[in-house]
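Colleague: Got a minute to walk me through this one? I'd like to get my bearings before I go back to the bench.

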Amino acid sequence: MIRVHRLDGKEFVVNADLIETVESTPDTVLSLVSGRKLVVAESVDEVIERVVAFNRSRALPARLEPPAPSPAGRAGAVVTRERDAGRS
């Protein structure tokens, strides 16, 4: 999600994944995959910078987080317990 402003200055948030094109007409127009068009106060370059920053922010934590340890130590052990629980 990125924060942008309408021409009257009101801020709103757009799902960056739904932006199909950004063009200067000379107003900046975001065309969404739904066909909806949004006119924003930011320049094309500012919108691109925000989309890139958003994509970096959501990709970075996944690279830095170590894999969560399994409570049973192995995924197979969990499956065995679930299967054995139904036999009693």
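**Sheet, loops and salt bridges**

Modeller: Sure, let's start at one pair in the sheet: Thr-21 stands opposite Ser-31, which is in β4. Keep in mind that this is a predicted model.

Colleague: How many bridges join β3 to β4?

Modeller: Five, and the two strands run antiparallel, with β4 covering residues 28–32.

Colleague: And what is the strand order in that open sheet?

Modeller: It goes β3-β4-β5, three strands with antiparallel pairing. β3 (19–24) and β5 (37–40) are at the edges with a single partner strand each, so one side of each has no neighbour in the sheet. From one strand to the next, the twist averages 20 degrees.

Colleague: Zooming out, which elements does the chain have, and in what order?

Modeller: Two helices and five strands. Reading from the N terminus, the run is β-β-β-β-β-α-α.

Colleague: How much of the chain is buried?

Modeller: Buried residues are 20% of the 88 in the protein chain.

Colleague: What about confidence, what's the mean pLDDT?

Modeller: The mean is 83, and 70% of the residues reach 70 or more. Over residues 76–82, though, pLDDT stays under 50, and the model has three contacts for that stretch beyond four places in sequence.

Colleague: Okay, back to the sheet. Is Thr-28 buried or exposed?

Modeller: Buried: its relative accessibility is 6%, and the cut-off for buried is under 20%. Thr-28 lies in strand β4.

Colleague: What does Thr-28 touch?

Modeller: Leaving out residues up to four places away in sequence, its contacts include Val-22, Glu-23, Leu-38, Glu-42 and Val-47. With Glu-42 there's also a polar pair: the backbone oxygen of Glu-42 lies 2.7 Å from a polar atom of the Thr-28 side chain.

Colleague: And Glu-23, where is that?

Modeller: In strand β3. Glu-23 is partly exposed, at 36% relative accessibility. Beyond four places in sequence, Glu-23 touches Thr-28, Val-29, Ser-31 and Val-44.

Colleague: How far is Glu-23 from Val-39, C-alpha to C-alpha?

Modeller: 9.7 Å, with their positions 16 residues apart along the chain.

Colleague: Next topic. Which residues does the cis peptide bond join?

Modeller: Thr-25 and Pro-26, with omega about 10 degrees. Pro-26 sits in the loop between β3 and β4. As a rule, most peptide bonds are trans.

Colleague: Now salt bridges. How many are there in the whole structure?

Modeller: Three turn up in the search. In general, side chains of opposite charge can pair when their charged atoms come close.

Colleague: Let's take Asp-17 first. Which side chain does Asp-17 meet in a salt bridge?

Modeller: Arg-58, at 2.7 Å from N to O. Asp-17 is in the loop between β2 (11–14) and β3, while Arg-58 is in helix α1 (residues 44–64), so the pair ties together parts that are 41 residues apart in sequence.

Colleague: Are those two buried or partly exposed?

Modeller: Partly exposed, with Asp-17 at 45% relative accessible area and Arg-58 at 43%.

Colleague: And what about Arg-50, what does it pair with?

Modeller: Glu-42, with the closest N and O atoms 3.2 Å apart. Arg-50 is partly exposed at 29%, but Glu-42 is buried, with a relative accessible area of 5%. That's the Glu-42 whose backbone oxygen lies 2.7 Å from the Thr-28 side chain.

Colleague: Which residues make the other salt bridge?

Modeller: Arg-3 and Glu-11, 3.1 Å from N to O. Glu-11 counts as partly exposed, at 45% relative accessibility. Glu-11 is also the bridge partner, in β2, of His-5.

Colleague: How do β1 and β2 pair?

Modeller: Antiparallel, over four bridges. Their hairpin has five residues between the strands, and Gly-9 takes a positive phi there, near 95 degrees.

Colleague: Which β1 side chains point to which face?

Modeller: Along residues 2–5 they alternate: Ile-2 and Val-4 point to one face and are buried, whereas Arg-3 and His-5 point to the other and are not. That alternation is what a regular strand shows in general.

Notes:
Residues numbered from 1 in each chain as written. Predicted model: local features only at pLDDT ≥ 70, side-chain atom pairs only at ≥ 80, totals over all residues. Heavy atoms only, no water. Pairing = 2+ DSSP bridges. Axes fitted to C-alpha atoms, helices over the stretch in contact; angles between N-to-C directions. pLDDT = per-residue confidence, 0-100. Contact = heavy atoms within 4.5 Å. Buried < 20%, exposed > 50% of the residue type's maximum accessible area, 1.4 Å probe, protein only. Polar contact = N/O pair within 3.5 Å; in protein donor to acceptor, adjacent residues only side chain to side chain. Salt bridge = Lys/Arg side-chain N within 4 Å of Asp/Glu carboxyl O.
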